[in-house]
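Here are a few notes to go with the model, mostly on ring contacts and internal space. Have it open alongside while you read.

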Amino acid sequence: MIRFATIGTNWITEAFIGAARLVDSFELAAVYSRTEETAKQFADKVGAPRTFTDLQKLAESDGIDAVYIASPNALHAEQAIWLMNHGKHVLCEKPLASNAKEVKAMIEAANRNGVVLMEAMKATLLPTFRSIREHLPKLGRIRRYVANYCQYSSRYDAYKQGTVLNAFNPALSNGALMDLGVYCLYPMVVLFGQPRSVKAQSVKLESGVDGEGSIVLDYGDMDAVVFYSKITNSHLPSEIQGEDGNMIIDAIHTPAKAEIRYRDGRVEDITAPQDKPPMYYEAQEFIRLIENGEHESAINSHRHSLWTMEIMDEARKQTGIVFPADER
């Protein structure tokens with residue numbers, strides 16, 4: 001059994017635990033929170049036998065093999081490096097860190113300590129995304145990638161009333177790009193690699209984060225366009241355009257249906273069966289790496305995480321989005 005602790009007591013941690021419990025080797029050993037009351041409440045809710053409120057004690061515990069981190073983005077790097085320096089494997093929520101400098105430090109810590117570090121990007125490990133990769137050559141020469149993730153945040157209502165919650169707080173390295181744009185960029189990097197150049201624009205809110213934005217990326221013989229927003233909704237799908245056909249993807253952040261529409265009028269459904277919750281597949285991949293003695297995923301790799309973060313750094317640089325973490 002791989003004995004897990006979790007950091008973060010929000011809905012995403014609960015969802016992860018529920019999905020990961022479907023992996024035979026997963027064991028929830030403990031939960032961490034800054035306060036004993038919150039830790040105890042969450043432990044009771046998810047059935048964890050132990051709680052921690054001290055990160056050092058968690059890191060030094062002989063009863064923990066791996067840690068799932070779902071704390072605010074600004075804390076990811078510090079917590080992950082501390083844990084890896086104590087021999088813990090780390091599955092860290094997206095985005096992996098606040099910036100590329102932190103990602104590099106995390107990768108160095110993983111390599112130095114011989115532990116697994118993986119970004120918990122669920123989209124690229126789902127069965128239908130694997131099918132997308134497999135069928136991509138059928139499109140012929142790829143000319144354009146278009147990804148869209150715009151979801152109006154319930155927290156934006158509070159923001160408009162003068163309350164800045166975590167989602168719109170630059171001190172926590174948040175905003176539309178970090179929260180939603182990453183879901184457009186990471187699959188792009190997995191499929192097509194590192195772009196030649198980045199051109200970004202965004203709507204900057206008074207708090208200092210972006211409410212929405214778009215990025216055009218140059219790949220030489222193809223381009224990519226991504227749209228993301230936390231202040232508007234969109235129901236448009238995402239698409240990969242090739243000379244022989246187009247691939248339509250229902251939702252780039254959690255692809256559950258995909259089809260190819262060929263120029264001759266044929267339509268091929270390439271949706272892959274999925275009988276588990278979306279977060280199951282990232283837990284399965286992470287545990288497989290630990291059990292096999294591998295140090296990184298071939299799909300959610302260190303390189304893919306770093307390239308994605310470098311794109312986001314450049315986009316923020318061009319649009320004037322600066323986090324306190326950038327100045328550390």
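1. Let's start with a residue worth clicking on. Keep in mind that this is a predicted model. Tyr145 has a relative accessibility of 1%, so it counts as buried, the cut-off being under 20%.

2. What does the ring of Tyr145 pair with? Its partner is Phe192: the ring centres are 5.9 Å apart and the planes sit at 70°, so this is an edge-to-face pair. In sequence terms the two are well separated, since Tyr145 belongs to strand E7 (residues 142-150) and Phe192 to helix H8 (residues 176-192), with their positions 47 residues apart in the numbering.

3. Phe192 comes out at 18% relative accessibility, so it also falls on the buried side of the 20% cut-off. Phe192 has another ring partner in Tyr219, with centres 6.2 Å apart and planes at 65°, so that pair is edge-to-face as well. Here too distant parts of the chain are linked: Phe192 is in helix H8, while Tyr219 sits in the loop between strand E9 (210-218) and strand E10 (223-229), 27 residues apart. Tyr219 has a relative accessible area of 10% and is buried.

4. Stepping back to the whole model, the tally is 13 aromatic pairs. Elsewhere, ring pairs join Phe4, Phe16, Phe26, Tyr68 and Phe286 into a cluster. That one is worth displaying as a group.

5. Which charged residues sit over rings? Arg266 is one of them, lying over the face of Tyr262 at 4.1 Å from the ring centre. Lys276 is another: its charged end is over the ring of Tyr280, 5.3 Å from the centre.

6. On to internal space. The structure has one cavity of 30 Å³ or more, and the largest cavity holds about 30 Å³. If you want to find it, look for the lining residues Leu96, Ile107, Leu117, Met118, Glu119, Asn300, Ser301, His302 and Ser305.

7. Which elements give two or more residues to that lining? They are strand E6 (117-120) and helix H10 (302-319). E6 makes the largest contribution, with three residues.

8. As for the chemistry of the lining of the largest cavity, four residues are nonpolar, four are polar and one is charged. Glu119 is the charged one. Among the nonpolar ones are Leu96 and Ile107, and the polar ones include Asn300 and His302.

Key: Residues numbered from 1 in each chain as written. Predicted model: local features only at pLDDT ≥ 70, side-chain atom pairs only at ≥ 80, totals over all residues. Heavy atoms only, no water. Phe/Tyr/Trp six-rings, centres within 6.5 Å; stacked < 30°, edge-to-face > 60°. Helix = DSSP H or I, 4+ residues; strand = E, 2+ residues; numbered from the N terminus. Buried < 20%, exposed > 50% of the residue type's maximum accessible area, 1.4 Å probe, protein only. Lys NZ or Arg CZ within 6 Å of the ring centre and 35° of its normal. 1 Å grid on protein atoms, 1.4 Å probe; cavity = no way out; pocket = protein on both sides within 12 Å on 5 of 7 lines; lining within 4 Å. Points joined across faces, edges and corners; volume = space filled by probe spheres on them.
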